[in-house]
Structures are given as C-alpha cells and as structure tokens.
Amino acid sequence: MDAFSLLGPPLRLLDPETAHHLTLWALERGFAPRATESDDPLLATEVWGRRFENPLGLSAGFDKDARVMAPMLGLGFGFVEVGSITPRPQPGNPKPRIFRLPEDAAVINRLGFNNGGIEAAAARLKAFRQAAVPGLVGVNLGKNKDTAEAADDYAHGAALLAPLADYLVVNVSSPNTPGLRALQGRGELEDLLGRVMAVLPDPAPPLLLKIAPDLTAEDKADIADVCLAVGVAGIIATNTTIARPEGLKGKARGEAGGLSGRPLFDPSTAVLSDLYRLTEGKLPLIGVGGVTSGADAYRKIRAGASLVQLYTALAYRGPTLVGRIKKELAQLLREDGFETLAAAVGADHRYSG
Ligand SMILES: Cc1cc2nc3c(=O)[nH]c(=O)nc-3n(C[C@H](O)[C@H](O)[C@H](O)COP(=O)(O)O)c2cc1C
C-alpha cells in the first residue's frame with residue numbers, strides 16, 4: 001500500500017501493494033523524512049516498565065519483515081510493531097489483495113500473512129538491537145496457513161523472538177488466515193496462551209494479545225477473564241474488521257478481507273472501552289483502529305488505551321501526520337488539565353461514573 005507520499009503523488013497511481021514495496025525500498029535506503037522536534041515531555045509514559053517517549057506507535061502489517069524499524073522510529077513514532085511473522089516464510093493470498101477505499105479513508109486487505117519467516121526477521125532484529133537505535137520495537141506473531149496445531153507456531157515464534165522484542169504479540173485476530181479468529185474462544189485461548197507463556201525465557205518481554213473488533217459480549221468477557229487469569233501483560237484492540245459498516249462509498253467495499261481506517265474508529269474504540277471496563281483497568285491496552293488525528297488518539301486514551309497505534313491513515317496523510325497527531329494530543333491533554341499522559345488513560349470511565 002502506498003504507505004505515504006514519500007515518493008510523491010505518483011505512488012497513488014500504482015496498485016497499493018506495488019506502492020508499498022516501493023516505499024519500503026526507499027525507506028531501507030535512507031530516503032525517509034526525519035522528525036526534527038523532540039517529543040513534548042507531557043507525551044512520555046511508562047508502560048510495562050519501559051519508557052515510551054510518546055504513546056504513538058506504528059501498528060503491525062506495515063513492516064511485516066522487520067526491515068524499516070529505524071526509519072519509522074525516525075519519523076517520530078514512539079514505538080514500532082513488526083510482523084505478523086510466521087515460523088516459515090509464506091507467500092500469502094493471490095494478488096490483488098490490498099484495496100483502497102479513498103472516499104472512506106479506508107483500506108481492505110486480505111494479504112494472509114505474507115512474510116519472510118522467523119529466521120530472516122530474527123537476523124534483522126539482531127542487527128537492529130546491535131545498532132542501539134532509540135525507540136521500542138514490538139514483535140507480532142502469527143501462524144503459518146498450513147500449520148494444524150496453531151500453538152506450535154506461536155510457541156516457536158515466542159521462544160525465538162522473545163530476546164529481541166520489547167513486547168511480544170499473539171495475533172489471533174487477522175481475518176485472512178482460516179480458523180485463526182476461532183483461537184479467541186475461551187478454551188482455545190487458555191490453551192494457546194498457556195503454551196506460549198510456558199516457553200518464554202526469563203526474563204521475558206511482556207506478552208500481549210491482539211483481538212478482533214468482531215466479538216460478541218461473551219467473547220469479550222471471556223478474553224478479559226483469560227488474559228487476567230493467565231497473566232497476559234496487555235491487549236491490543238483491534239485488528240481489522242470483517243464487517244462492512246453502512247455507508248461505505250469506496251468501489252472496493254465488496255472485496256473480501258479486513259477493513260481498516262476511519263470506518264473502524266468507532267467499533268474498535270468501543271471494543272477497547274469494553275476491555276478496559278472488563279479488566280477493570282488492570283491491564284495496559286493499546287488502542288488501534290482508524291486513528292487519523294490527535295483528537296482520535298485522545299479518544300482512545302480516554303477510552304482506556306495506554307498506547308495508541310495506526311497504519312491506514314499514514315497511507316492517506318503522509319509522514320507529517322505523526323508530528324501533527326503528537327502536537328494535537330499534547331494540546332488536548334493540557335487543555336483538560338492533565339499533568340501526565342497516564343492520568344488521562346481511562347478518564348471517560350471515571351468521569352462518567
Ligand atoms: C495492509 C495491512 C496489513 C496488515 N497486516 C497486519 C498483520 O500482519 N498483523 C496484524 O496484527 N495486523 C495487521 N494489520 C492490522 C493493523 O495493524 C491495524 O490493527 C488495523 O489496520 C487498524 O488500524 P488502522 O485503522 O490505523 O489501519 C494490517 C493492516 C493493513 C491495512
């Protein structure tokens with residue numbers, strides 16, 4: 001996808017996946033704008049004992065193979081999440097498999113975990129760690145399409161990549177791998193997370209679960225219970241949606257896959273808010289889905305997010321979006337009298353009783 005207008009408007013004329021490859025190619029070669037201003041101290045926050053200079057992160061899927069962590073941190077993100085990474089390399093679904101819905105500021109993708117596998121990613125992550133670039137990197141784990149026993153893949157990924165990750169994510173919410181989202185059911189989730197926790201080295205990075213927006217009330221209650229019971233460190237809400245909200249205008253709206261971008265903002269924020277309530281604010285949450293402005297990031301934080309991520313808006317708004325969101329967010333926090341970012345987390349739940 002045309003991650004941003006790094007190469008100028010002609011990227012928009014290319015099909016989204018070609019444009020994305022070109023963007024990664026350019027980023028790897030250093031053709032990346034760099035944030036020049038240091039972060040407003042009001043945006044700094046500590047989560048899982050780690051200091052984030054700002055709470056805005058790049059969500060999974062942009063840098064599936066851990067190729068451009070340093071340039072993306074250089075744009076001003078406080079953290080970058082790479083992946084989803086599967087144990088073995090796999091090609092993903094047939095192309096075309098990414099579709100722009102420009103009228104809706106949205107994207108539909110059905111990539112199906114195309115990635116170069118753990119070994120290649122581990123080598124790049126090792127080199128990145130040796131370079132001691134400031135900023136945090138999370139590693140998002142998936143499963144290969146043809147693996148019958150899903151837990152084997154997640155356990156394998158967790159054991160190998162834990163030493164290289166500031167946090168690990170078990171992603172059971174992508175809509176493009178058959179059977180994956182069924183792992184969000186209570187029994188499946190208990191087994192899966194138990195297996196992954198058992199292989200983590202000591203010390204281990206925090207283990208997070210990434211969930212879908214398309215969940216019943218019972219699913220959400222089960223997820224909250226299981227996460228608290230097995231000692232998961234946090235939850236990422238949410239992945240893309242298989243729903244097609246009323247009013248989508250983009251010609252591609254009928255394509256199969258997961259919808260991201262603006263139409264996902266409300267449903268994903270509702271799930272985030274539910275999870276904050278169900279976990280009684282005990283687990284740090286990462287809010288993601290449709291964030292396009294500082295006001296959106298602020299709404300996620302007030303709904304319960306300790307950290308916020310985005311992907312799709314970057315493709316439409318370009319790299320200056322990162323600085324803009326941070327500036328707006330700091331201003332909104334100040335206007336409402338918050339002295340720290342952490343004080344605003346979940347504020348909506350407290351003030352609405
Ligand atoms: C092209 C594309 C690929 C994605 N790939 C992944 C992935 O591999 N793993 C994952 O957990 N989420 C993936 N996502 C989901 C995003 O990380 C994010 O949860 C979702 O897009 C909502 O955020 P947004 O509206 O800001 O894009 C992908 C999203 C897009 C648009």
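Reader: Before we get to bridge partners, when do two strands count as paired here?
Author: Two strands pair if DSSP finds at least two bridges between them. Keep in mind that this is a predicted model.

Reader: OK, so what does arginine 100 bridge to in β6?
Author: Its partner in β6 is valine 107. The strands β5 and β6 (residues 106-109) are antiparallel and share four bridges.

Reader: Which strands make up that open sheet, and in what order?
Author: Three of them, ordered β5-β6-β11, with antiparallel pairing. β5 (98-101) and β11 (258-261) are the edge strands; each has a single partner strand, so one side of each has no neighbour in the sheet.

Reader: How much are neighbouring strands turned against each other?
Author: By 25° on average, ignoring direction.

Reader: Switching topic: how many residues are in the largest nonpolar core?
Author: That core has 84 residues, and Met72, Phe77, Tyr154, Leu161 and Leu168 have the most contacts inside it. Helix α10 (residues 320-335) supplies the largest share, six residues.

Reader: And what does leucine 168 touch?
Author: Leaving out residues up to four places away in sequence, leucine 168 touches a list including Val139, Leu141, Leu161, Pro205 and Leu208. Another core, of 13 residues, lies apart from the largest one, with Phe79 and Ile236 among its members.

Reader: Now the ligand. Which residues come nearest?
Author: Out of 23 residues around it, the nearest are Ala60, Ser84, Gly261, Gly290 and Thr312.

Reader: What about alanine 60, how far is its polar backbone atom from a ligand oxygen?
Author: 2.7 Å. For glycine 261, a polar backbone atom is 2.8 Å from an oxygen atom of the ligand. With asparagine 171, an N or O atom of the side chain is 3.1 Å from a ligand oxygen.

Note on methods
Residues are numbered from 1 along each chain as its sequence is written. This is a predicted model: local features need pLDDT of at least 70, side-chain atom pairs count only at pLDDT 80 or more; totals for chains, interfaces and linings use all residues. Side-chain values use heavy atoms; hydrogens and water are left out. Helices (H or I, at least four residues) and strands (E, at least two) are DSSP runs, numbered from the N terminus. Axes are lines fitted to C-alpha atoms, for helices over the stretch in contact, and angles run from 0 to 180 degrees between N-to-C directions. A nonpolar core is a set of buried Ala, Val, Leu, Ile, Met, Phe, Trp, Tyr and Cys residues joined through side-chain atoms within 4.5 Å. Buried means under 20% relative accessible area, exposed over 50%, partly exposed in between (1.4 Å probe, protein chains only). Contact means heavy atoms within 4.5 Å. A residue is near a molecule or strand if one of its heavy atoms lies within 4 Å of it. A polar contact is a pair of N or O atoms within 3.5 Å; within protein, one must be able to donate a hydrogen and the other to accept it, and residues adjacent in sequence count only if both atoms are side-chain atoms.
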